[in-house]
Number of protein chains: 2
Amino acid sequence: MAVTLYGLPTSSSTGRVLTTLLEKEVSDFKFQHVDLSNGAHKKPSFLSMQPFGLIPVLQDGDLTLFESRAISRYIALKYENQGTPLYGRNMKEKAYVEQWLEVESQNFHPSASALVYQLSSRPKKGLKPEEEVVKQNVEKLERVLDVYEAQLSRNPYLAGDFFSLADLSHLPRTKSLIHSANIPHLFTARENVHKWWERISTRPSWEKVMEMASV
Amino acid sequence: MAVTLYGLPTSSSTGRVLTTLLEKEVSDFKFQHVDLSNGAHKKPSFLSMQPFGLIPVLQDGDLTLFESRAISRYIALKYENQGTPLYGRNMKEKAYVEQWLEVESQNFHPSASALVYQLSSRPKKGLKPEEEVVKQNVEKLERVLDVYEAQLSRNPYLAGDFFSLADLSHLPRTKSLIHSANIPHLFTARENVHKWWERISTRPSWEKVMEMASV
């Protein structure tokens, strides 16, 4: 039975799951657009699947799952014998994947999201960015990227010599930081971070997700 | 070979990992106190293990791992055939454990940490809590706990009928919210959340960690 993903290709959390499905060569999934503009995500039928009213949601038979990183982990596990080995090849590599996935979730994501909100979402609403909030979050993000720079000087990918769920998980927000928040220099100023971004953002899976988002 | 955990029993992240080790009946681990008061976590020898200068860190042979939720996942996997089945009994249960672990990390933890900082850490430094920040985070946390209340009215634990890594991961911060931030009513006001807290906070593993923290 095919899995169904509810979401929007332009949402960063949905993009994370879509990229995972494509990397795992799950070709027969159904994609169900959720129309946020008419509040479809706040209606009882959607809230019965996702009590916080957020996208994406995955349905696989009688399993209904939310939280994009949890969905991606499930897909990586269910389809472990096909596509890209997103958890690596053994328990040690898997441990490192989980470590960098947590760094993404706990350290990278909060500052990255705050900056996308300040530098992209607020201006779209006619509001100015709050300078002090921007400054603090740029500093936090730079500290994270300095650690990445050191790690990526030793390995082509965060968890080692293989592309993993940890790298993948950074794609949507980094794209927004570079293109919507317009702060590419945080990445290009760091040689190994820059090469890593070139490496992961040119993967066919992500290019396909970008194409879905631009339609 | 025994695993070594570097941390402090009073730190909530260290408490998460210690509880996981005890639930998995890993009795021969070594515990290495990290003296934050003399800046041991910012010295080169520690930074070579944990580039952000944070506790805890796990060493297991040539594996050096940080991020408490990643360490806990590694322990749950490495010792999957002993102790409490913290990931459940099959792929579907594991998916739900990951989902609620992500809810803890993305939804519960940010507000909970902000409130512990505002209502416990700031007063200890002679600073008043910032009223607006407290108000916003109480509202956010109440929305999360409302979802928990509904979920826990159907199941004794977050991911189903079994105690999992998702419940475990809530122990340290919830304890701080109740005892240090002094807002137990957020939990006691919700019948099923309250029963859940009684259920998980009386586990021998957690009682032992509390004992280690009070020495």
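User: Before we look at the sheet, when do two strands count as paired?

Analyst: Happy to start there: two strands pair if DSSP finds at least two bridges between them. Keep in mind that this is a predicted model. In chain B, β3(B) and strand β4 (residues 63-66) run antiparallel. They count as a pair because the cut-off is at least two bridges, and the number joining them is four.

User: Thanks! Which residue is the bridge partner of L58(B) in β4(B)?

Analyst: L58(B) belongs to β3(B), where L5(B) stands opposite it. That contact belongs to the antiparallel pairing of strand β1 (residues 4-7) with strand β3 (residues 57-60) of chain B, over three bridges. Turning to β4(B), Q59(B) stands opposite T64(B). For L58(B), the bridge partner in β4(B) is L65(B).

User: What is the phi of G61(B) in the turn?

Analyst: Let's place the residue before giving the angle. β3(B) and β4(B) form a hairpin, and two residues lie between them. G61(B) sits in that turn, and its phi is positive, at about 65°.

User: Which strands stand at the edges of the sheet in chain B?

Analyst: The open sheet has four strands in the order β2-β1-β3-β4 of chain B, with mixed pairing. An edge strand here has a single partner strand, so one of its sides is left without a neighbour in the sheet. Neighbouring strands are turned by 20° against each other on average, with direction ignored. The edge strands of chain B are β2 (30-33) and β4.

User: Which strands of the sheet does α1(B) touch?

Analyst: Helix α1(B) packs on this sheet. Its direction makes about 155° with that of β1(B). The strands touched by α1(B) are β1 and β2 of chain B.

User: Are α1(B) and α3(B) roughly parallel or roughly antiparallel?

Analyst: Here the angle decides. α1(B) packs against helix α3 (residues 68-78) of chain B with the axes 9 Å apart and at an angle of about 5°. Angles under 35 degrees count as roughly parallel, so α1(B) and α3(B) are roughly parallel.

User: Which residues make that helix contact?

Analyst: Both helices contribute to it. From α3(B) come S68(B), R69(B), I71(B), S72(B) and I75(B). From α1(B), the residues are S13(B), R16(B), V17(B), T20(B) and L21(B).

User: Is E23(B) buried or exposed?

Analyst: E23(B) is in helix α1 (residues 12-23) of chain B, and it touches several residues distant in sequence, including G83(B), L86(B), F163(B), L168(B) and R203(B). Its side chain makes a polar contact of 2.6 Å with the side chain of T84(B), and another of 2.6 Å with that of S205(B). The relative accessible area is 6%. Since buried means under 20%, E23(B) is buried.

User: With which side chain does R16(A) make a polar contact?

Analyst: R16(A) lies in helix α1 (residues 12-23) of chain A, where it is buried with a relative accessible area of 3%. Among the residues it touches are S68(A), R69(A), S72(A), E104(A), L168(A) and P172(A). The polar contact, at 2.8 Å, is with the side chain of S169(A).

User: How are the two copies related?

Analyst: Chain B superposes on chain A by a rotation of 180° with 0.0 Å of shift along its axis, at an RMSD of 0.0 Å. The copies are thus related as by a two-fold rotation axis.

User: One last thing: what percentage of the interface residues of chain B are also interface residues in chain A?

Analyst: The copies meet through the same surface. That follows because the shared percentage of interface residues is 100%.

Technical notes: Residues are numbered from 1 along each chain as its sequence is written. Chains are lettered from A and ligands numbered from 1 in the order in which they are written. This is a predicted model: local features need pLDDT of at least 70, side-chain atom pairs count only at pLDDT 80 or more; totals for chains, interfaces and linings use all residues. Side-chain values use heavy atoms; hydrogens and water are left out. Buried means under 20% relative accessible area, exposed over 50%, partly exposed in between (1.4 Å probe, protein chains only). Contact means heavy atoms within 4.5 Å. A polar contact is a pair of N or O atoms within 3.5 Å; within protein, one must be able to donate a hydrogen and the other to accept it, and residues adjacent in sequence count only if both atoms are side-chain atoms. Copies are superposed by least squares on the C-alpha atoms of residues with pLDDT of at least 70 in both. Axes are lines fitted to C-alpha atoms, for helices over the stretch in contact, and angles run from 0 to 180 degrees between N-to-C directions. Angles under 35 degrees count as roughly parallel, over 145 as roughly antiparallel, 65 to 115 as roughly perpendicular and the rest as oblique. Lists of a residue's contacts leave out its neighbours within four places in sequence.
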